[in-house]
Amino acid sequence: MTGKRGDKDIRYLFIDEVQDYSAFQLAFLKFSFPRAKFTLLGDLNQAIFTHENSRKLLGELSSMFPADKTRVVQLTKSYRSTAQITNFTKHLLTNGEEIEPFNRQGELPEIHVAAGVDAAVEKVKNQAEKNLTDHETTAIIGKTLKECRQLTDKLAEVGVKATLIRTENQRLVKGIIVVPSYLAKGLEFDSVIMWDASKNCYPDDHDRQLVYTICTRAMHRLTIIATKELSPIFETVPQEEYQLV
């Protein structure tokens, strides 16, 4: 599509969220900019689009670039969330012990398991209203756009005005927003409510990185709401790291 010459004038290339690129895409970029120095930044634990491919990415990159001209820097300290949220979320990962929390104190994350959908919606309503007394914006993060649309409708029925985020170009407004997980990646919010963290919605380890990504969007307050049965993904988190309400 672009020919075989490549662009030799570009000397520096910075790529963010590199965990969501495939090795093929990165190889094509290297081919397209043959004289450029590359700086690649990302969190392999947040690879919600490439999943298993992200685990092999470092090895594949080592075959693309000369070892003597490559430097790998691992950043382990998290500055986004409170120490309590960081300590909670790092246990969601199989290798999360290396993550260091920043010394900013806050509340323990809360987990609520409701008997049914109506009770869960009521809990979302109460928690969102409480969050807004302390913060300008609270984000309710669901797994898919369909689930987020259904939740927004149910919240409207109980008198809660919430803005549904449907596309990545949509402006984030103050107040209560409902956003699907794949659009929340890369964003951060003072308060986060994870919607329907149930076994039915997140049944196994295939969703572990997605759950981690959702929970790490929270800076100051994290509330997890499930219906009937909590996802087994949370079983790896020690009980002292959260409040079961």
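**Surface patch, cavity and pocket**

Trainee: Is Phe-14 buried or exposed here?

Mentor: In this predicted model, Phe-14 is exposed, because its relative accessible area is 61%, and exposed means over 50%.

Trainee: And which strand does Phe-14 lie in?

Mentor: Phe-14 belongs to strand β1, which covers residues 12-15.

Trainee: Which residues form a nonpolar patch on the surface with Phe-14?

Mentor: Tyr-12 and Leu-41 join Phe-14 in that nonpolar patch, and together the three have about 380 Å² of accessible area.

Trainee: Switching to the inside, how many cavities of 30 Å³ or more turn up in the whole structure?

Mentor: The search finds one, and the volume of this largest cavity is about 40 Å³.

Trainee: What lines the largest cavity?

Mentor: Its lining consists of Glu-107, Leu-108, Glu-110, Gln-127, Lys-130, Arg-221, Leu-222 and Thr-223. The elements that contribute two or more residues to it are α4 (117-134) and β10 (218-227), with β10 providing the largest share, three residues.

Trainee: How does that lining divide by class?

Mentor: There are four charged residues in the lining of the largest cavity, along with two polar and two nonpolar ones.

Trainee: Now the pockets: what volume does the second largest one have?

Mentor: The second largest pocket has a volume of about 220 Å³, and among the residues lining it are Val-117, Trp-195, Asp-196, Cys-201 and Thr-227.

Trainee: Which helix gives the most to that lining?

Mentor: Helix α5, residues 145-157, does so with four residues, and by class the lining of the second largest pocket has four nonpolar, four polar and three charged residues.

Conventions. Residues numbered from 1 in each chain as written. Predicted model: local features only at pLDDT ≥ 70, side-chain atom pairs only at ≥ 80, totals over all residues. Heavy atoms only, no water. 1 Å grid on protein atoms, 1.4 Å probe; cavity = no way out; pocket = protein on both sides within 12 Å on 5 of 7 lines; lining within 4 Å. Points joined across faces, edges and corners; volume = space filled by probe spheres on them. Nonpolar A, V, L, I, M, F, W, Y, C, P; charged D, E, K, R; others polar. Patch = residues over 30% accessible without salt bridge, like charges linked within 9 Å, V, L, I, M, F, W, Y side chains within 5 Å. Areas by Shrake-Rupley, 256 points an atom, 1.4 Å probe, with all protein chains shown as cover. Salt bridge = Lys/Arg side-chain N within 4 Å of Asp/Glu carboxyl O. Buried < 20%, exposed > 50% of the residue type's maximum accessible area, 1.4 Å probe, protein only.
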